[in-house]
Each structure stands twice: as structure tokens, then as C-alpha cells.
Amino acid sequence: MLLWRRLWRRSAGRKRPVGPQLNVTRRCSSVRGEVRVRFAPSPTGFLHLGGLRTALYNYIFAKKYGGSFILRLEDTDQSRLVPGAAESIEDMLEWAGVPPDESPRRGGPVGPYLQSQRLDLYGRTARQLVESDRAYYCFCSSQRLDLLKKEALRTGQTPRYDNRCRHLQAGQVQEKLAQAVPHVIRFRLDAGVEPFRDLIFGRSHHEVAEVEGDPVVMKADGFPTYHLANVVDDHYMRISHVLRGSEWLISTSKHLLMYRALGWQPPTFGHLPLLMNKDGTKLSKRQGDIFIQSFQRDGVLPEALLDITTHCGSGFNTNQIGRRMDKLIAEFNPSKITTHSALLDLEKLPEFNRIHLRHRIEDEEQCQLLVADLQGRIQRARPAEVRDERVLHADYIRRVLHLRKGHISSLKELLSPAYSYLWVRPSVSSQQVAALTTEAQHIASLVLKLMAERDGELAVDGLSKDLKALAKQAGDTKYGDVMKLLRLALSGLQQGPSVAEMMVSLGPAEIRHRVQKLSLLSEAA
């Protein structure tokens, strides 16, 4: 804990130079205000659970320490960009309740926030590295690189570049440049990487020059690779802490060499353990259902999604179900983040959603939004079946939600056949009635009399007692069969909520209508 505080204070208070072409306003601020973190996905795909979790931890970190959360889109791999992905990533962050303070959409003092709009900065930095002999032009063809790779695999070695162009004479380089020979720029990996202290994994050291060839930092098309672009952007965007997935831990030594070569102070690094399936296998985009848009479409509440992704991991003082953002921020404790992978059990998501849906129903403002949402869903799902406009009234839907809170996990459930009786009058036959009792008409008259005596609001507990008393007046029909008969008349179903709850949901007028129909069916039988 003491180590983490020391690292945080050291990095949060450091000053960072800003490139002259960027619109940056420098100001004095408290140490807490200097915290700047970023989420930097690539729009080569849509936002998925692993990405949302990384964004969430960065967001919570920023809000915990009074800092800023930046969204930067790393769109330098132009061949793999997915149309609409950039806009969707920001849409999904906002939907999830993790809105960036600075982003391509919102703008900010250190933009632009799309890497494809920062190419001049990367180009100048790459040339600076070449001029200081920390990088060099590489003219190796793709055919030669393929041969190197194949030979390494044939001999059981890890493929790596052999640094051949590092040894070209200045005259050779100028001649090839003059001939417009296609080239990239590679960074010189030096031996003697200093260990660094990761916020989560502790002391880390990777002698990268011993196992890797010099990496490309500027591609032939003029776009930077991830290694250069993220270092440059983190520096000029004044990022104080880099919180990213642990798969990048091994690359950090390489990035620190670049900071040293450029004479820049690096941020403090913290590598988050991976989010895995409950069986320990890696979350895969090919699973399909891990994309945030699919959860949104399926009626999952964003706070339930945030809750389950933090509940399965670490970094909080307690680990309760039902936490919302304010609680997550209050309980966040970076010193409690462990190195163990977080095992996510999505089979538990309905339970998380049920709890958070109940919270929303109990909040008057949120409940109004749920009512409007459900009204639209009913109209879209049953446009021809809903004949009584009263089922679309806000008071009616609100009553249904309050009666079913704690029982349903999503609004979609209320559109299932099990709840169709709430929106559409059921179809019941005289044969179904006759199979239960010969006293249906008498029972119907008792219910109608009860409704006449019950003036005003109905309550479940009171009706339950009244129905037990009513069953005793039903002649030879047993209590269980009386309830089956009333359930059939009210819903056309054999199971579901209690008969008393069904009656409270439907209200006196609709109860009378359906029970009168029961009486007519009994006469027909």
C-alpha cells in the first residue's frame, strides 16, 4: 500500500512538455487534479466486456483521485478498421455510465483524439529518433522478412528480425532514400533495460533486446505502430498512469526504452489481470455475446454489467452484489488489485440484473424511464393484439413493475407468454372451466361481490385473505381448484404469480370483465 502511494504521488505530480502543434492549456492544479488516465482501444472491432472492464477501472481511478478519463482511438491500422466501430465504442461507454472527459466526440485540450489525425507528430518523433541514432531506416523487403520467419520456425526458434539494416552506412541509406526504396523505421533496442515497478505486478524486468529484433515504429505507409504511437500520445496527452491489460506487461520494457531515448519521463504503469471465462479460458470475440451492444440489446442494465465485471475481480474494499458507480468509486482501492485472472460467470448475470432492475423500479425517476421503455416494447411486440389502451397507461405499467420487482431480471420477461395476460385478454374455453368445477358460476358471483365490496386500491395481502374466505363459500370445490379456476379466468395459464397479485395488477374493472366472461362460459357449459 505504501509503495503504491509513493508511486502515485511521484507520477501524479510530474510536469509534461506539450508539443507546439497541440492546443494545450497548462495550469497549476492540485496533485489530485494531475491524475490523467486513458482508454485507448482500436476501432478494428466493437467494444466487448474485456475492453469495458479496462475502461471502467481507468474511469474509477480518475474519479477516485479527482482526475480525468480520456478516450483515445488508435486507428492507425487502417486496413482493419470496422465501419461504425469508432462511434459505437464511445456510444457504448456513455451507455454503460463510463463517459470520457476528453474524446474524439467531446474534444479536449490535447486533441485530436484520433491517432490518424496526429500523423505529423509521430513522423517528427520518428525522425528525431533517427537523427539521434536511436532508430534507423530499414529497407528489407517483405519477401526477406518472410524467409527469416520461415527459417526461424524451421529451426525451432522464435521469429525475430536480425537487425540487418542497423548496420548500413550513412551513404547506403541516403542512396536508397534517393531511389525511393520502400522503407520502415525501426527502433534500436539496447541491452540494459532498467527494472520498473508495476502498480499491480510489482518489480518487472524484461531484457527485450535478447529475445526480440528491433521493432518497427513507423510503417511504410507513414502510419506509426502501436509502440511508437502510444508512447508519443501518452507523453503529449500528459497521461500520469497507464492502466491496461496484463498482456502488455512484457512490452513495457520496450516502451520504457523509447521514453529514455526521447528524454521523456514515463507514466506509472499498472497492468490489470485478464478477464477470463469461469473455466479459465480466454474471453473471445468469436463468442459473439461478449460485445456490449448485445448486452444492451438483450435488456441488460449497464450497472449490472459493471457490477458483475468488478465483482469477479479485485481492487475493492468489499465485494458485494448490487454496487452502483458511486459505491464502486468509494470502495476502490488499487492496492487490493491482485495478479490473479478475474473469472467471469455470465450465468450469474440475470441475478445481477434482477437486483439492479429492482433498484431502478424503486427510484421514481428511473421508474418513469422504465415505464416509457416498456410502453414502447409492448407496442412493438403486440401491435395487433393490444385492444385495451388502458394497459399502456403509465399508472398501470408502474403498478405491474412494482408488483414484479425482485421477480424479473429484465423488462423482456414481461413480454413473454407467461405475462401475456397483463396486456392481452386470455382465451378460455368452457371445456377448461368444466374440467375444474361445476360451480364456476357461483364462484364468479362471489368474486364479483368481493370486487363490489372492495372500493379503492387492492392489496395483495388483503386479497389473499379474502380469497381464502371466499373459497370456503364455494361449496364442494376445494381451495386449490378455486385458485386454478380464477387463475385460468384471469390469465389463461396454469401457473404464474399468485392469484391475488394477478388481481392487483389487473385492477377491479378488468377483474370484473374477465370473471363475467367466466360466468358466461359456465352458463354455456
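## Helix α17

Start with a length check on helix α17, residues 460-471, in this predicted model. The helix has 12 residues. At 1.5 Å a residue, they should span 16 Å. The end C-alpha atoms are 16 Å apart, so expectation and model agree.

Now look around the helix. Which residues of α17 are buried? They are L463, L467, L470 and A471. These residues cover an arc of only 90 degrees around the axis, which puts them on the same side of α17. D461 and K465 are on the other side, and they are exposed. What covers the buried residues? The cover includes α16 (440-453), α18 (479-491) and α19 (499-506).

## Strand β8 and its partner

Turn next to strand β8, residues 241-245. Here 5 of the 5 residues are buried, so the strand is largely enclosed by the rest of the structure. The cut-off for buried is under 20% relative accessible area.

β8 pairs with strand β9, residues 268-272. The two run in the parallel sense, and the pairing extends over 5 bridges. One residue to find is R244, whose bridge partner in β9 is H271. In a regular strand, side chains alternate between the two faces of the sheet.

## Aromatic rings

How many aromatic pairs does a search of the whole structure find? The search finds 10. One of them joins Y57 and F332. Their ring centres are 6.2 Å apart, with 75 degrees between the planes. That makes the pair edge-to-face.

Where do the two partners sit in the chain? Y57 belongs to helix α2, residues 49-64. F332 belongs to the loop between α11 (325-331) and β11 (342-344). The pair therefore ties together parts that are 275 residues apart in sequence. Y57 is buried, with a relative accessible area of 1%. F332 is buried too, at 2% relative accessibility.

These two rings also belong to one aromatic cluster. The cluster is formed by Y57, F61, Y65, F316 and F332.

## Arginines over rings

F316, a member of that cluster, has a charged neighbour. R323 lies over the face of F316, at 4.8 Å from the ring centre. Another arginine, R186, lies over the face of Y161. For R186, the distance from the ring centre is 3.7 Å.

## Backbone exceptions

Most residues other than glycine have a negative phi, and most peptide bonds are trans. The next three places depart from those patterns.

First, look at the bond between G111 and P112. Is this peptide bond cis or trans? The bond is cis, with omega about 5 degrees. P112 lies in the loop between α3 (85-95) and α4 (119-131).

Next comes D133, in the loop between α4 and β3 (135-138). Phi of D133 is near 65 degrees, a positive value in a residue other than glycine. D133 is partly exposed, with a relative accessible area of 48%.

Last is N163, in the loop between α5 (142-154) and α6 (170-178). Its phi is near 60 degrees, again positive in a residue other than glycine. Is N163 buried or exposed? N163 is buried, because its relative accessible area is 14% and the cut-off is under 20%.

Note on methods:
Residues are numbered from 1 along each chain as its sequence is written. This is a predicted model: local features need pLDDT of at least 70, side-chain atom pairs count only at pLDDT 80 or more; totals for chains, interfaces and linings use all residues. Side-chain values use heavy atoms; hydrogens and water are left out. Helices (H or I, at least four residues) and strands (E, at least two) are DSSP runs, numbered from the N terminus. Buried means under 20% relative accessible area, exposed over 50%, partly exposed in between (1.4 Å probe, protein chains only). The expected span of a helix is 1.5 Å times one less than its number of residues. The arc is that of the directions from the helix axis to the C-beta atoms. Contact means heavy atoms within 4.5 Å. Rings of Phe, Tyr and Trp (its six-membered ring) pair if their centres lie within 6.5 Å; planes under 30 degrees apart count as stacked, over 60 as edge-to-face and the rest as tilted. A charge sits over a ring if NZ of Lys or CZ of Arg is within 6 Å of the ring centre and within 35 degrees of the ring normal. Two strands pair if DSSP finds at least two bridges between them.
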